[in-house]
Amino acid sequence: SFADPGDLPPVRGHRHRFVMVVVNLLRNALQSSADRTTRVRVAVTTVASGHVCLAVDDDGPGVPEQYREAIFQPNFSLRVEGHGQGLALVRDVVEGEMSGSVRCETSDLGGARFVLLLPPATRRAV
């Protein structure tokens, strides 16, 4: 399900790279429960700091707390068929290119929740 974000400030980054981030998060959510239909929720809001918050929740098995940092490292995967590149790319784009942050938590749906905080774009003086 998708929540209506209303008016959001623009963020700075390469559109194609950001689309890859969202696709990777959605793919991970959908692959989290290969044996059944997975419920996924995407919400985009503006938080008090003015940052844009994008959250992707699923009702899969979640990510054990001891792996919530390691899953962002290249070549680390909790799935046997995983390659460990998707979440590393997410972190590279969000933190390295967009000056934001990404973290993994427990979702109120019962699975994983990935939260991206992206600073609003600022106008450059001409």
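Eight salt bridges are counted in this predicted model, and several of them can be followed from one element of the chain to another. Glu97 forms one of them with Arg17, where the closest N and O atoms are 2.6 Å apart. Because Glu97 lies in helix α2 and Arg17 in helix α1, this pair ties together parts of the chain that are 80 residues apart in sequence. Both partners are partly exposed: Glu97 has a relative accessible area of 36%, and Arg17 has one of 25%.

A salt bridge within helix α2 joins Glu95 to Arg91, with 3.3 Å between the closest N and O atoms. These two residues are four apart in the helix, so about one helical turn separates them. Their surroundings can be described through their accessibility: Glu95 counts as partly exposed at 31%, whereas Arg91, at 15% relative accessibility, counts as buried, because buried means under 20%. Beyond its neighbours within four places in sequence, Arg91 is in contact with Glu69, Phe72, Gln73, Gly96 and Val102.

A further salt bridge is formed by Arg113 and Glu105, whose closest N and O atoms are 3.7 Å apart. Arg113 is partly exposed at 25% relative accessibility, and Glu105 is partly exposed at 22%. The two belong to a network of salt bridges that links Arg41, Asp57, Arg103, Glu105, Asp108 and Arg113.

These interactions can now be placed in the fold. The secondary structure consists of two helices and four strands, and from the N terminus on the elements follow the order α-β-β-α-β-β. Strands β1 (residues 40-46) and β2 pair in the antiparallel sense over seven bridges, and among the bridge partners are Thr46 and Val52, the latter in β2. Five residues lie between the strands of this hairpin, in which Gly50 takes a positive phi near 90°.

Positive phi values also occur at two residues other than glycine. Most residues other than glycine have a negative phi, which gives a reason to look at both places. Asn75, with phi near 70°, lies in the loop between β2 and α2 and counts as exposed at 62% relative accessibility. Ser99, with phi near 55°, is placed in the loop between α2 and β3 (101-106), and Ser99 is likewise exposed, with a relative accessible area of 57%.

From these exposed loop residues the description turns to the interior. Buried residues make up 36% of the 126 residues in the protein. In soluble globular proteins, nonpolar side chains tend to be buried together. Here the largest nonpolar core has 24 residues, of which Leu25 and Phe114 touch the most other members. The elements that contribute two or more residues to this core are α1 (15-31), β1, β2, α2, β3 and β4, and α2 gives the most, with five residues. Leaving out residues up to four places away in sequence, Phe114 touches Leu25, Leu54, Ala55, Val56, Ile71, Phe72, Leu87, Arg103 and Cys104. Arg103, one of these contacts of Phe114, is also a member of the salt-bridge network described above.

Which aromatic pairs does a search of the whole structure find? There are two such pairs. In one of them, the rings of Tyr67 and Phe76 have their centres 5.8 Å apart and their planes at 35°, so the pair is tilted. Tyr67 is partly exposed, with a relative accessible area of 33%, and Phe76 is partly exposed as well, with 26%. The other pair is formed by Phe72 and Phe114, which stand edge-to-face at 6.1 Å centre to centre, with 85° between the planes. This pair links distant parts of the chain, since Phe72 lies in the loop between β2 (52-58) and α2 (86-97), Phe114 lies in strand β4 (residues 112-118), and the two are 42 residues apart. Both Phe72 and Phe114 are buried.

Two values for the protein as a whole complete the picture. Among contacts between residues at least 6 apart in sequence, 57% join residues at least 24 apart. The accessible surface comes to about 7,700 Å², and carbon and sulfur atoms account for 53% of that surface.

Definitions and conventions:
Residues are numbered from 1 along each chain as its sequence is written. Side-chain values use heavy atoms; hydrogens and water are left out. Rings of Phe, Tyr and Trp (its six-membered ring) pair if their centres lie within 6.5 Å; planes under 30 degrees apart count as stacked, over 60 as edge-to-face and the rest as tilted. Buried means under 20% relative accessible area, exposed over 50%, partly exposed in between (1.4 Å probe, protein chains only). Contact means heavy atoms within 4.5 Å. Two strands pair if DSSP finds at least two bridges between them. Accessible areas come from the Shrake-Rupley method with a 1.4 Å probe; for residues, only the protein chains shown count as cover. A nonpolar core is a set of buried Ala, Val, Leu, Ile, Met, Phe, Trp, Tyr and Cys residues joined through side-chain atoms within 4.5 Å. A salt bridge is a side-chain nitrogen of Lys or Arg within 4 Å of a carboxyl oxygen of Asp or Glu.
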